[in-house]
Amino acid sequence: MEIVCPAGTPAALRAAVKAGAHTIYCGFADESNARNFPGLNFDRNEMRDGVSFAHAHGAKVLVAINTFARAGEEAIWHRAIGDAQTCGADAVILADPGLLAFTAHHHPTLRRHLSVQAAAANADIINFYAQEFGIKRVVLPRVLSVPEIAAINAETTIETEVFVFGGLCVMAEGRCSLSSYATGQSPNMNGVCSPASHVKYSQDHGVLDARLGGYTIHRVGKNDPAPYPTLCKGCFGAGGKTGHLFEDPVSLNAERLIPQLQKAGVTALKIEGRQRSRSYVAQVVRNFRAAVDALDAGKPLPEGMLARLSEGQAMTTGAYKKTWR
């Protein structure tokens with residue numbers, strides 16, 4: 001199975017390749033990708049150099065161009081697709097049907113993957129994207145159980161890629177409007193979720209408030225740590241109780257499910273976290289590479305060492321087991 005690793009910087013890309021990633025995914029430093037945060041991503045020269053470095057070490061590079069183009073400003077996204085091919089990318093990751101059609105027509109030799117932002121969660125819609133736009137792989141949303149993934153693979157010849165580690169999203173991916181409601185900017189259209197430019201911390205009468213777009217997301221004691229204010233992971237009061245109303249701060253870890261995912265026909269294992277450090281990236285990649293190599297060799301999976309890297313030091317298998325059913 002292929003390990004697909006995030007890289008938010010050229011340093012993270014090199015660290016991931018050296019740690020054993022088969023494939024790296026990354027994006028340009030603009031709103032064409034869903035992680036358009038300050039200090040992250042690649043300019044054109046960095047992308048070209050990164051692709052060359054990866055290829056020299058036997059790894060592939062996928063360029064995420066997975067936001068939805070704004071009417072009248074499509075040139076930003078069209079240029080990113082052309083530049084990805086010029087830089088030598090092995091594939092582009094797209095969600096917008098218009099950009100998929102553009103790429104199929106103007107860059108027919110550039111391999112196309114369907115982003116998780118397209119929220120394609122059944123075989124019919126995946127086969128539609130394959131027939132209309134020639135996609136070769138789909139990144140499945142984090143709402144499917146292992147048997148549901150197996151059922152999809154039984155009805156399509158398109159490669160499937162699934163998330164196995166990192167942050168979770170409880171919303172329909174590519175459809176969430178929480179960030180845009182609070183700030184006017186969203187990961188779907190602007191590539192940013194809960195942007196730092198709209199974050200404000202203030203202290204008054206012994207409490208510390210973390211606000212996003214004027215909304216109080218966390219309120220803690222002045223000496224307590226204040227989490228970054230993201231709406232879906234905020235603490236709110238409801239029904240006389242205060243807690244994480246939408247989502248607990250917890251990381252997905254499907255490391256122990258790798259054998260089941262392989263039997264389900266999954267081609268690639270995706271690690272979340274383009275905003276993470278190169279040290280984090282290297283450690284997670286080494287762990288998953290060891291697991292995949294052990295599986296290929298018919299050996300037991302090594303014991304995981306990822307607990308301390310998880311969000312909130314807590315982990316879950318998320319929707320893979322759907323224990324709430």
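Tutor: A salt bridge is a side-chain nitrogen of Lys or Arg within 4 Å of a carboxyl oxygen of Asp or Glu. With that in hand we can turn to the structure above, which is a predicted model.

Student: How far apart are the closest N and O atoms in the salt bridge between R111 and E159?

Tutor: R111 lies in the loop between α4 (97–106) and β5 (112–114), while E159 belongs to strand β7, so the pair ties together parts that are 48 residues apart in sequence. Both partners are partly exposed, R111 with a relative accessible area of 29% and E159 with 25%. Their closest N and O atoms meet the 4 Å limit for a salt bridge, since the distance between them is 2.8 Å.

Student: How many residues separate E2 and R137 along the chain?

Tutor: E2 and R137 form a salt bridge, in which the closest N and O atoms are 2.9 Å apart, and both residues are buried. E2 sits in strand β1 (residues 2–6) and R137 in strand β6 (residues 137–139), so that distant parts of the chain are linked by a pair whose separation in sequence is 135 residues.

Student: Which residue is the salt-bridge partner of R211, and is that partner buried or exposed?

Tutor: R211 is itself partly exposed, having a relative accessible area of 23%. Its side chain meets that of D209 in a salt bridge, with 3.2 Å from N to O. Because the limit for a buried residue is under 20% relative accessible area, the 6% of D209 makes this partner buried.

Student: Which residues are joined into one network by salt bridges that share partners?

Tutor: The structure as a whole holds 16 salt bridges. Two that we have already met are the bridge of E2 with R137 and the bridge of R111 with E159. Where salt bridges share partners, they join into one network the residues E2, K60, R111, R137, E159, E161 and K270.

Student: How many disulfides does the count come to?

Tutor: A disulfide is a covalent bond between the sulfur atoms of two cysteines. The buried C26, at 0% relative accessibility, has its closest cysteine sulfur in C87, which at 9.4 Å is too far for a bond. The partly exposed C235, at 30% relative accessibility, has its closest cysteine sulfur in C232, and there the 12 Å between the sulfurs is again too far for a bond. Sulfur atoms must lie within 2.5 Å to be counted, and by this rule the number of disulfides is zero.

Student: Which residues lie closest to the centre of the largest pocket?

Tutor: About 1100 Å³ of space lies in the largest pocket. Its lining is made of 46 residues, and those closest to the centre are R35, C193, K233, E272 and Q275.

Student: What is the number of charged residues in the lining of the largest pocket?

Tutor: Elements that each supply at least two residues of this lining include β7 (159–167) and α7 (178–183). When the lining residues are divided by type, 23 are nonpolar and 13 are polar, while the number of charged residues is 10.

Student: Which exposed residues are carried by the face of α5 turned away from its buried side?

Tutor: Helix α5 covers residues 123–133, and among its residues A123, I126, Y129 and F133 are buried. These four cover an arc of only 135 degrees around the axis, which puts them on the same side of α5. The face turned away from that buried side carries the exposed residues D124 and Q131.

Student: What is the relative accessible area of S194?

Tutor: Most residues other than glycine have a negative phi. S194, however, has a positive phi of about 50 degrees although it is not a glycine, and it is found in the loop between α7 and β8 (199–204). S194 counts as buried because its relative accessible area is 2%.

Student: Where is A119, which has a positive phi although it is not a glycine, found in the structure?

Tutor: The phi of A119 is about 55 degrees. At 28% relative accessibility, A119 counts as partly exposed. As for its place in the chain, A119 is found in the loop between β5 and α5.

Student: What distance separates the C-alpha atoms of S251 and P229?

Tutor: S251 is found in strand β13 (residues 251–253), and it is buried, with a relative accessible area of 1%. Along the chain S251 and P229 are 22 residues apart, and the separation of their C-alpha atoms is 17 Å.

Conventions: Residues numbered from 1 in each chain as written. Predicted model: local features only at pLDDT ≥ 70, side-chain atom pairs only at ≥ 80, totals over all residues. Heavy atoms only, no water. Buried < 20%, exposed > 50% of the residue type's maximum accessible area, 1.4 Å probe, protein only. 1 Å grid on protein atoms, 1.4 Å probe; cavity = no way out; pocket = protein on both sides within 12 Å on 5 of 7 lines; lining within 4 Å. Points joined across faces, edges and corners; volume = space filled by probe spheres on them. Nonpolar A, V, L, I, M, F, W, Y, C, P; charged D, E, K, R; others polar. Arc of directions from axis to C-beta.
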